[in-house]
Amino acid sequence: MALKQVALVSTMAVCALARCGAELSPELKANYKIPTPAASIASADTIEVNTYIHVVSNGSTIDDGYLTSEQLDKQKAVLNNVFADYSIHFNFLDTDYTENADWAHGIMTQDMTSALRKGSYKDLNLFFLGSMGGQVTGQCSFPLNLTDFPDPSTMVSRDGCMIVSNTIPGGPHLTYNLGLNAVHEVGHWFGLIHVFTDTCGGNGDEVEDTPEQATETYGCPIGKDSCPDFPGVDSIHNYMDYSDDGCKTEFTPGQVSRMHNAWSTYRESQ
Ligand SMILES: *[C@@H]1O[C@H](CO)[C@@H](O)[C@H](O)[C@H]1NC(C)=O
Ligand SMILES: *[C@@H]1O[C@H](CO)[C@@H](O)[C@H](O)[C@H]1NC(C)=O
Ligand SMILES: [Zn+2]
């Protein structure tokens, strides 16, 4: 029971610090195994994800959280353009608008997700907000084995990604303004953890083909190598680092396998 209580509060990738900080707790991580694929991913196996958008604002500007349908269209296009390379496609079914000054600024967000969330556990819900406190730009929930939890419906009601609206493509955020913040958050929704998780020589991000990396990246420092005694340099171009949007260009094959496996293991049949 103690273990489950720890797990309950640590199932979010809380994008704190400069953007998307905390990770799975050691307790949850020990139980968080995404199976290795039996075969490599074929392009025919495109994952179709029904997706709902919720715009939560307390006014009519981006800083209040508000986005027009034209602005949202640009974010949808970036998500589908990026994930098309990895055989994942989003069907954007519906967008709703809510005015709530607390929710729009990251307060009482569990009330928000349970009030607004649509679909089942295999459906992606994106919540666009004005702010989330400090420099935080997003937060998302990992795919979970719902049968591990005493009250699965609560876990479903919390599921989804929160994205600060100013990070949309062409938005006013200084370093995250190409819409890749949403790509990063959706990576968490598919089970990816940060490439800089853990110390050099640890379990890292549980993906084989990302080099050991001990620190998050800001800007785009070519050649950065936080684990010089290990092969490879830091994954500064990876969507699961904190580099500027202009620096981020890829998921690795190992990450793509993990996303597809997380989907088929934890979400597809829900
Ligand atoms: C919305 O809330 C934020 C944060 O509390 C505040 O700075 C902003 O002025 C509010 N917008 C409106 C239109 O009231
Ligand atoms: C999910 O949890 C249940 C109960 O703990 C377990 O029986 C099942 O094997 C788990 N499924 C996966 C895919 O780990
Ligand atoms: Zn993150």
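Helices, of at least four residues, and strands, of at least two, are DSSP runs numbered from the N terminus. The exercises below concern a predicted model.

**Exercise 1. Overall architecture**

Determine how many helices and strands the chain has, and in what pattern they follow one another.

*Solution.* Step 1: a count of the DSSP runs gives seven helices and six strands. Step 2: read along the sequence, these elements follow the pattern α-β-α-β-α-β-α-β-β-α-β-α-α. Step 3: the chain holds 270 residues, and buried residues make up 51% of them. Step 4: the accessible surface of the chain is about 11,200 Å², and 54% of that area belongs to carbon and sulfur atoms. Step 5: for contacts between residues at least 6 apart in sequence, 70% join residues at least 24 apart.

**Exercise 2. The nonpolar cores**

Identify which residues of the largest nonpolar core touch the most other members, and which elements each supply at least two of its residues.

*Solution.* Step 1: the largest nonpolar core has 38 residues, and Phe83, Phe190 and Phe251 touch the most other members. Step 2: the strands that each supply at least two residues of this core are S2 (47–57), S3 (88–99), S4 (124–129) and S6 (161–164), and the helices that do so are H3 (69–84), H6 (180–189) and H7 (253–267). Step 3: apart from this core lies another, of eleven residues, which include Ala104, Leu129, Val136 and Met162. Step 4: with its neighbours within four places in sequence set aside, Phe83 is in contact with Ile88, Phe90, Val183, Val186, Gly187, Phe251 and Met259. Step 5: as general background, nonpolar side chains tend to be buried together in soluble globular proteins.

**Exercise 3. The surroundings of ligand 1**

State which residues are around ligand 1, and give the distances from the polar side-chain atoms of Asn58, Asp64 and His105 to the ligand.

*Solution.* Step 1: the residues around ligand 1 are Asn58, Gly59, Asp64 and His105. Step 2: by class, this shell has no nonpolar, three polar and one charged residue. Step 3: a polar side-chain atom of Asp64 is 2.9 Å from a nitrogen atom of ligand 1. Step 4: oxygen atoms of ligand 1 are approached by polar side-chain atoms of Asn58, at 2.3 Å, and of His105, at 3.0 Å. Step 5: ligand 1 exposes 360 Å² when taken alone, and the protein buries 35% of that area.

**Exercise 4. The surroundings of ligand 2**

State which residues are around ligand 2, and how much of the accessible area that ligand 2 has on its own is covered by the protein.

*Solution.* Step 1: Asn145, Thr147, Asp148 and Thr265 are the residues around ligand 2. Step 2: the shell comprises no nonpolar, three polar and one charged residue. Step 3: an N or O atom in the side chain of Asn145 is 2.4 Å from an oxygen atom of ligand 2. Step 4: for Thr147, a polar side-chain atom lies 3.0 Å from an oxygen atom of ligand 2; for Asp148, the corresponding distance to an oxygen atom of ligand 2 is 2.8 Å. Step 5: on its own, ligand 2 has 360 Å² of accessible area, of which the protein covers 38%.

**Exercise 5. Two acidic residues of strand S3**

Classify Asp96 and Glu99 as buried or exposed.

*Solution.* Step 1: Asp96 lies in strand S3, and Glu99 also lies in strand S3. Step 2: the relative accessible area of Asp96 is 16%, so Asp96 is buried, the cut-off being under 20%. Step 3: the relative accessibility of Glu99 is 65%; this is over 50%, and therefore Glu99 counts as exposed. Step 4: leaving aside neighbours within four places in sequence, Asp96 is in contact with Ile53, His54, Val55, Leu116 and Lys118. Step 5: Glu99 and Val55 are 44 residues apart along the chain, and their C-alpha atoms are separated by 8.4 Å.

**Exercise 6. Positive phi angles**

Locate Met108 and Glu206 in the chain, and give the phi value of each.

*Solution.* Step 1: most residues other than glycine have a negative phi. Step 2: Met108, which is not a glycine, has a positive phi near 60 degrees, and Glu206, also not a glycine, has a positive phi of about 65 degrees. Step 3: Met108 is placed in the loop between S3 and helix H4 (109–116), whereas Glu206 is in the loop between H6 and H7. Step 4: Met108 is partly exposed at a relative accessible area of 47%, and Glu206 counts as partly exposed at 29% relative accessibility.

Definitions and conventions:
Residues numbered from 1 in each chain as written. Chains lettered and ligands numbered in written order. Predicted model: local features only at pLDDT ≥ 70, side-chain atom pairs only at ≥ 80, totals over all residues. Heavy atoms only, no water. Near = heavy atom within 4 Å. Polar contact = N/O pair within 3.5 Å; in protein donor to acceptor, adjacent residues only side chain to side chain. Areas by Shrake-Rupley, 256 points an atom, 1.4 Å probe, with all protein chains shown as cover. Nonpolar A, V, L, I, M, F, W, Y, C, P; charged D, E, K, R; others polar. Core = buried A, V, L, I, M, F, W, Y, C linked by side-chain atoms within 4.5 Å. Buried < 20%, exposed > 50% of the residue type's maximum accessible area, 1.4 Å probe, protein only. Contact = heavy atoms within 4.5 Å.
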